[in-house]
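Biologist: Got a minute to go through this one with me? I'd like to start with the helices and see where we end up.

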Amino acid sequence: VLTSSFGYYLWYLPKISFHTDAWEELGAASLGQGGAPDGRGGAAGWMNGWTIFYWGWWISWGPFVGTFLARISKGRKLGHFIIATLILPSIWSFVFLGIMGAAQIRMSNQAISAGLDGTTIATRYGSYADKTAIGWTQSLEDDDGNPYTKWVPVPDSVTRLYWLGTEDVLFEHLSAYGGQGWATFMTVITLICIVLYFITSSDSASFVVDIMAANGVEE
């Protein structure tokens, strides 16, 4: 999955970099602006929701983050700076999102194929599901080549992640790899990491603001 995702990213990035919603911005055909006459054109929104939004995001954050990186990288070689600020974070993002994303897609596919529709607790979590109704009927063959079917109930670890709140998906995913003790342990570790992330970000932001307020004077 990591190989496929990375290859897809390299293929898709140049394409999406030049996508401007040129036809979508024209609106529906009934507006008379030249929109898709068959009504199958995409809706406008990508440019505003992603491209322009992230233009503004990086324009506002660029000087801020750049000042911080320049300050903590003083005295270091350019190659080390590029590796530490561009290459290693990118590799980590690919690996983390690739592994976690692929695992969650797999779990969601399992939940859907097993019959977990997410409408109730019993059809959202494998641990609450009716094992006699939620699962798979597998068509197999014995050693002599005779076909037979086998019922496999949905595992407790499978969850219909789509129907969970955004803040719950990560924790439910982590809990799928062990019992209650493992889930509690990983939840605590995850929360500590999140807190450290915000503390580090806040400390870095305060540091840059102090530099700007002091006009670069260290003391």
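Modeller: Sure, let's talk through a helix, its aromatic rings, a pocket and a core. Keep in mind that this is a predicted model.

Biologist: Okay, where does helix α2 bend, and by how much?

Modeller: Helix α2, residues 46–72, bends by about 40° at Trp61. There's a proline within four residues after that point, Pro63.

Biologist: Which residues of α2 are buried?

Modeller: Met47, Thr51 and Phe64 are buried there. The cover over the buried residues of α2 includes α5, which runs 180–213.

Biologist: Back to Trp61. Is it buried or exposed?

Modeller: In between: Trp61 is partly exposed, at 38% relative accessible area. Trp57 is partly exposed as well, at 39%.

Biologist: How many aromatic pairs are there in the whole structure?

Modeller: A search turns up 16 of them. In one, the rings of Trp57 and Trp61 have centres 6.4 Å apart and planes at 20°, so that pair counts as stacked.

Biologist: Why are Trp57 and Trp61 about one helical turn apart?

Modeller: Because they sit four residues apart in helix α2. An α-helix has 3.6 residues a turn, so residues three or four places apart point the same way.

Biologist: What else do ring pairs link up with those two?

Modeller: Phe53, Tyr54 and Phe64 join Trp57 and Trp61 in a cluster linked by ring pairs. Phe64 is also one of the buried residues of α2.

Biologist: Switching to pockets. How much space is in the largest pocket?

Modeller: About 2,200 Å³. It's lined by 45 residues, and those closest to its centre are Trp57, Trp58, Pro89, Ser93 and Tyr197.

Biologist: So Trp57 turns up again. Which helix gives the most to that lining?

Modeller: α2, with 15 residues. At least two lining residues each come from α1 (2–17), α2, α3, α4 (166–175) and α5.

Biologist: Last topic, the largest nonpolar core. Which residues have the most contacts inside it?

Modeller: Leu116, Ile134, Val154 and Val158, in a core of 14 residues. Helix α3, residues 78–114, provides the largest share of this core, three residues.

Biologist: And what does Leu116 touch, leaving out residues up to four places away in sequence?

Modeller: Among them are Ile134, Val154 and Val158. Leu116 also touches Ala111, Tyr125, Ala129 and Arg160, to name some of the others.

Technical notes: Residues numbered from 1 in each chain as written. Predicted model: local features only at pLDDT ≥ 70, side-chain atom pairs only at ≥ 80, totals over all residues. Heavy atoms only, no water. Bend = angle between axes of the 7 residues up to and from the residue. Buried < 20%, exposed > 50% of the residue type's maximum accessible area, 1.4 Å probe, protein only. Contact = heavy atoms within 4.5 Å. Phe/Tyr/Trp six-rings, centres within 6.5 Å; stacked < 30°, edge-to-face > 60°. Core = buried A, V, L, I, M, F, W, Y, C linked by side-chain atoms within 4.5 Å. 1 Å grid on protein atoms, 1.4 Å probe; cavity = no way out; pocket = protein on both sides within 12 Å on 5 of 7 lines; lining within 4 Å. Points joined across faces, edges and corners; volume = space filled by probe spheres on them.
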